[in-house]
Amino acid sequence: QGRVQERKTLSVKVPAGVDNGDRIRLTGEGEAGMTGAAAGDLFVQMRVRDHAVFSRDGTDLHCDVPISFVAAALGGEVEVPTMSGGVKLSIPAETQTNKVFRLRGKGIKSLRGSNVGDLLCRVVVETPVKLTDDHKRRLQEFDQLLSESSANHRPRHHSWFDAVKDFFK
């Protein structure tokens with residue numbers, strides 16, 4: 001008892017939407033019943049590997065989408081992978097890092113039901129790296145232009161700075 005008496009390779013059809021802990025029943029593939037009774041069922045418990053791009057929350061998927069400083073400032077389009085192929089995500093001008101865009105119906109199909117979750121794309125503005133001296137000079141000139149302007153070009157910085165001042169009052 002409790003020993004494997006026979007090895008057998010089985011094919012298991014995994015339905016769309018399966019998640020960690022879900023079980024699939026293979027009817028008649030379990031142990032043989034006592035005194036000639038029919039074999040029982042075998043339950044296969046699912047363990048889903050992490051994905052390199054997406055994380056999952058029920059039927060919703062989440063992903064980080066890197067965008068350039070220029071795309072964040074001026075707006076643009078970026079291609080985002082989905083379970084059904086790439087789609088264009090429109091980035092409005094002046095988008096800040098951590099802004100989340102919801103792509104309805106681009107998540108996981110529910111295992112029990114017909115609804116499909118959403119894909120939530122969090123944009124992350126990438127800071128340029130490996131800048132040349134010319135790049136650095138031009139960025140410093142740009143920064144100087146912004147600081148000389150009367151407009152508030154750094155809304156997050158100013159609200160953060162005001163909060164810090166209030167904290168010390």
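Let's start with one residue: Leu74 is exposed, with a relative accessible area of 66% (exposed means over 50%, buried under 20%, partly exposed in between, with a 1.4 Å probe and protein chains only). You'll find Leu74 in helix H1. Helices here are DSSP runs of H or I with at least four residues, strands are runs of E with at least two, and both are numbered from the N terminus.

Before going on, note that this is a predicted model, where local features need pLDDT of at least 70 and side-chain atom pairs count only at pLDDT 80 or more, while totals for chains, interfaces and linings use all residues. Residues are numbered from 1 along each chain as its sequence is written, and side-chain values use heavy atoms, leaving out hydrogens and water.

Leu74 has company: together with Phe69, Val70, Leu139 and Phe142 it makes a nonpolar surface patch of about 480 Å². Two elements, helix H1 (69–74) and helix H2 (133–148), give two or more residues to the patch, and H1 gives the most, with three.

Now for the sheet. Four strands form an open sheet in the order S3-S4-S8-S7, with mixed pairing (two strands pair if DSSP finds at least two bridges between them). Strand S3 (55–57) and S7 each have a single partner strand, so one side of each is left without a neighbour in the sheet. Inside it, S4 (residues 60–68) and S8 (residues 119–126) run parallel, joined by eight bridges; His62, for one, has Leu120 in S8 as its bridge partner.

How confident is the predictor? The chain averages a pLDDT of 87, on a scale from 0 to 100. Helix H3 (residues 155–167) has the lowest mean among the elements, 70, and S7 the highest, 98.

Definitions and conventions. Patch = residues over 30% accessible without salt bridge, like charges linked within 9 Å, V, L, I, M, F, W, Y side chains within 5 Å. Areas by Shrake-Rupley, 256 points an atom, 1.4 Å probe, with all protein chains shown as cover. Salt bridge = Lys/Arg side-chain N within 4 Å of Asp/Glu carboxyl O. pLDDT = per-residue confidence, 0-100.
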